[in-house]
4 protein chains.
Amino acid sequence: MSALAPDDVTRSPALGRPRDSGRDRAILDATLSLLTEMGYEQLSIEAVAGRSGAAKTTIYRRYRDKAALVAAAVEHRSPATPPQPEGESLRENVHSLATWLARSISEQDVGLLGALFAGMRNDAGLAQAMRRILRRDETAMTDGLLRQAAERLAPGAAPLFAEVASAVIVHRVVVGEPCDAAFIAHLVDDILLPLLRRT
Amino acid sequence: MSALAPDDVTRSPALGRPRDSGRDRAILDATLSLLTEMGYEQLSIEAVAGRSGAAKTTIYRRYRDKAALVAAAVEHRSPATPPQPEGESLRENVHSLATWLARSISEQDVGLLGALFAGMRNDAGLAQAMRRILRRDETAMTDGLLRQAAERLAPGAAPLFAEVASAVIVHRVVVGEPCDAAFIAHLVDDILLPLLRRT
Amino acid sequence: MSALAPDDVTRSPALGRPRDSGRDRAILDATLSLLTEMGYEQLSIEAVAGRSGAAKTTIYRRYRDKAALVAAAVEHRSPATPPQPEGESLRENVHSLATWLARSISEQDVGLLGALFAGMRNDAGLAQAMRRILRRDETAMTDGLLRQAAERLAPGAAPLFAEVASAVIVHRVVVGEPCDAAFIAHLVDDILLPLLRRT
Amino acid sequence: MSALAPDDVTRSPALGRPRDSGRDRAILDATLSLLTEMGYEQLSIEAVAGRSGAAKTTIYRRYRDKAALVAAAVEHRSPATPPQPEGESLRENVHSLATWLARSISEQDVGLLGALFAGMRNDAGLAQAMRRILRRDETAMTDGLLRQAAERLAPGAAPLFAEVASAVIVHRVVVGEPCDAAFIAHLVDDILLPLLRRT
DNA sequence: AAATAACCGAGACGGTACGTCAAGTCTTGAG
DNA sequence: CTCAAGACTTGACGTACCGTCTCGGTTATTT
């Protein structure tokens with residue numbers, strides 16, 4: 001079981017009334033929607049309680065603080081499934097992967113990045129958990145790429161793709177500029193393909 | 001004059017008692033030190049007031065909010081001067097630049113990144129100002145590189161260096177892993193040099 | 001239940017943790033003591049919070065503003081019990097009542113008067129509540145007078161006593177001159193008795 | 001010269017540029033209008049400065065604090081001139097005097113009463129000045145009454161009138177109830193005339 | 001005429017208190 | 001033991017005025 005499952009804070013053995021899993025879903029859904037509406041900084045646990053209909057106690061029983069709550073919410077969202085490589089050329093597949101990754105990061109992981117900025121210093125364990133989530137999508141992505149075009153790639157290209165593509169997109173998002181088509185093309189043609197191609 | 005000079009909020013022409021530039025320095029110094037001590041999120045304007053000996057109103061008269069204050073403080077710090085390329089090989093120079101950039105980002109700019117991330121949504125103008133600060137160092141950096149080794153570089157290599165190196169280092173820092181020598185070597189040999197070299 | 005009970009602002013039926021009546025007492029006691037020490041104008045809610053050991057929010061949860069807090073505190077004080085008429089002559093009883101009233105007003109009600117004066121414009125309901133408090137003592141006072149000497153009084157004399165005696169004493173206090181024995185004698189012999197005596 | 005003339009705080013001998021009496025008027029007029037608009041408590045010196053076009057320095061050079069400013073403003077207003085006794089009966093004259101006094105107090109002296117409440121404790125000299133202002137109207141009033149109907153009055157009736165009438169009206173105003181016709185009639189017939197008439 | 005001294009506007013400055021918000025903990029009653 | 005509700009302490013927020021202090025510039029009197 002993941003380190004961010006909703007029994008993070010304290011869990012006594014199965015005694016007394018069991019936790020209501022409906023509350024879990026309500027809390028995480030409310031967190032996700034508020035996160036995309038207002039961003040990490042503006043997100044208040046009080047607002048999560050209000051929208052989810054849960055008492056603050058119920059939230060704090062599950063998550064130590066805002067960072068843990070956000071991490072759990074992001075992890076809880078429908079798991080990211082990168083597109084299968086369907087194109088014929090390597091560029092097509094890299095391009096579609098980059099497009100998907102850019103949207104995934106800029107739409108869903110923005111809150112997580114905020115939590116990372118905020119939570120890193122205070123809680124090493126939590127920061128590690130958030131790193132893991134952030135990388136889940138990145139690594140899941142390389143599998144398809146490898147299966148489809150291993151022979152055309154330079155050795156060690158797949159992890160390099162995950163590292164560089166994520167880094168450049170995250171940087172772009174953090175800096176607040178849009179990940180539009182021109183940027184994706186630049187990323188693919190000027191950075192990724194030169195690095196990936198067997199030289 | 002810079003957009004983040006301490007007369008950011010409101011400033012009429014020369015009327016009334018002029019602002020005390022000593023207060024400016026005290027405020028920005030206190031902000032910088034508290035920023036590196038406690039990080040962006042934990043930084044409170046009240047603490048800045050306390051340490052700088054300035055009244056809260058004196059701070060709010062100059063900076064609208066925490067993000068603007070942090071931006072001004074980071075801009076105010078001793079300007080980052082990248083090392084002059086002194087090595088003989090291209091790799092030497094790229095390596096020293098990357099080393100310097102990694103330390104600069106991980107030591108000084110983490111607070112700026114947090115502020116950027118927090119302020120983006122609320123204030124587009126502020127976000128733009130902070131982007132400008134971030135890029136100031138990046139571009140300053142590429143000048144020396146260009147002068148020294150222009151003939152050995154692929155066309156358009158210099159801005160590419162700034163973009164990719166910053167992105168990968170920032171990502172590493174955000175994710176909370178150390179920018180040690182091994183990482184720098186990996187960055188230089190596996191990513192930067194292949195991209196920069198005339199093919 | 002009185003309109004100034006400490007559930008003045010908002011109160012839902014029995015839900016959640018009930019208010020701590022110990023906090024009520026501490027707040028009102030601190031208010032009373034600070035009121036007599038420093039007067040209405042100098043009384044700050046922050047000081048009440050400090051002395052009572054309650055948080056500012058706990059005070060604001062109960063009382064909208066300083067005027068409401070002061071009104072509640074004055075009402076909370078040990079109820080004013082005028083001396084029973086023990087003298088034989090009407091003058092003796094009127095004199096003792098006037099003496100008691102003068103001390104009561106000049107010692108305890110000055111803060112209340114300040115609050116009344118300040119709160120009147122902003123909150124008609126609050127002003128009415130404070131009028132009620134002011135009159136509580138006045139009317140309680142006339143009961144004994146009536147029981148003891150009804151036959152010797154002019155019709156309608158009791159409320160007239162309350163009105164005129166309070167007015168003259170308050171005026172004296174507001175104007176800042178002492179309510180000494182000479183003044184009391186003057187009040188009784190030149191003003192009150194001529195008005196009260198059956199003509 | 002009055003103790004509240006606009007040279008209250010510090011006045012050096014006739015050296016340097018003399019004070020601008022236009023500033024005096026502007027400041028006191030602004031104070032009076034703001035006083036009637038918002039009451040004593042809500043009146044801020046900053047607002048007086050804004051409305052009068054005077055700098056805060058210019059106000060503080062003249063008046064120590066808000067109480068002194070208000071006292072000067074009330075004293076500065078067009079001097080109160082009670083109506084000449086024109087009626088034939090004593091009741092008519094007493095009634096017109098009471099009516100005039102009630103309006104004068106409730107319209108113009110409310111701010112002064114607030115200043116009295118606030119300033120009494122802090123500044124005995126100022127409180128005395130304000131007392132003097134408050135009594136100016138009261139005593140001016142008795143002259144006409146005495147001239148016109150001395151033979152019909154009980155000995156010592158005139159000061160008694162000033163004392164009791166002012167007290168009852170001030171009390172009514174402080175408590176926040178209207179000084180309407182019915183109240184005036186009650187005051188005249190039930191309180192004043194019985195006290196004044198030769199018995 | 002120049003020097004001097006007080007005046008005036010504007011507004012910065014260190015403070016104090018305001019009234020509000022959210023964080024995280026605790027207490028009740030019901031299930 | 002869980003849950004909703006909500007009281008509680010704490011700490012920071014951003015604002016309003018306070019009373020004091022420079023500034024540049026304006027009158028007046030006094031050398």
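Which of the 48 residues around DNA strand E come nearest?

**View 1. Protein residues around DNA strand E in a predicted model.** D20(B), T58(B), R62(B), Y60(C) and T58(D) come nearest to the strand; a residue counts as near if one of its heavy atoms lies within 4 Å. Of the atoms of DNA strand E that come within 4 Å of the protein, 60% belong to sugar and phosphate. By class, the surface near the strand has 21 charged, 14 polar and 13 nonpolar residues. Here Asp, Glu, Lys and Arg count as charged, Ala, Val, Leu, Ile, Met, Phe, Trp, Tyr, Cys and Pro as nonpolar, and the others, Gly among them, as polar.

**View 2. Polar contacts of chain B with DNA strand E (pairs of N or O atoms within 3.5 Å).** A phosphate oxygen of the strand lies 2.7 Å from a backbone N or O atom of D20(B). In T58(B), a side-chain N or O atom is 2.6 Å from a phosphate oxygen. T57(B) places a polar side-chain atom 3.4 Å from a base oxygen. Two or more residues each are given to the surface near DNA strand E by α2 (45-52) and α3 (56-62) of chain A, α3 (56-62) of chain B, α2 (45-52) and α3 (56-62) of chain C, and α3 (56-62) of chain D. Helices are DSSP runs (H or I, at least four residues) and strands likewise (E, at least two), numbered from the N terminus.

**View 3. Residues 44-63 of chain A, annotated "DNA-binding region" in an unreviewed UniProt entry.** Such annotations may be inferred rather than shown by experiment, and their positions follow the numbering used here. This stretch of chain A is 75% helix and 0% strand, with its end C-alpha atoms 13 Å apart.

**View 4. Chains C and D about their rotation axis.** Chain C is superposed on chain D by a rotation of 179 degrees with 0.1 Å of shift along the axis (RMSD 0.3 Å), fitted by least squares on C-alpha atoms of residues with pLDDT of at least 70 in both. That is the relation of a two-fold axis. A167(C) is the residue of chain C closest to the axis, at 2.6 Å (C-alpha).

**View 5. The contact between chains A and B.** Chain B gives 40 residues and chain A 39, with contact meaning heavy atoms within 4.5 Å. F117(B), H171(B) and V174(B) lose the most area of chain B to chain A, together 21% of what that side buries.

**Notes.** Residues are numbered from 1 along each chain as its sequence is written, and chains are lettered from A and ligands numbered from 1 in the order in which they are written. Local features need pLDDT of at least 70 and side-chain atom pairs pLDDT 80 or more, whereas totals for chains, interfaces and linings use all residues; side-chain values use heavy atoms, with hydrogens and water left out.

Notes: A polar contact is a pair of N or O atoms within 3.5 Å; within protein, one must be able to donate a hydrogen and the other to accept it, and residues adjacent in sequence count only if both atoms are side-chain atoms. Buried area is the accessible area (1.4 Å probe) that two parts lose on being put together, summed over both.
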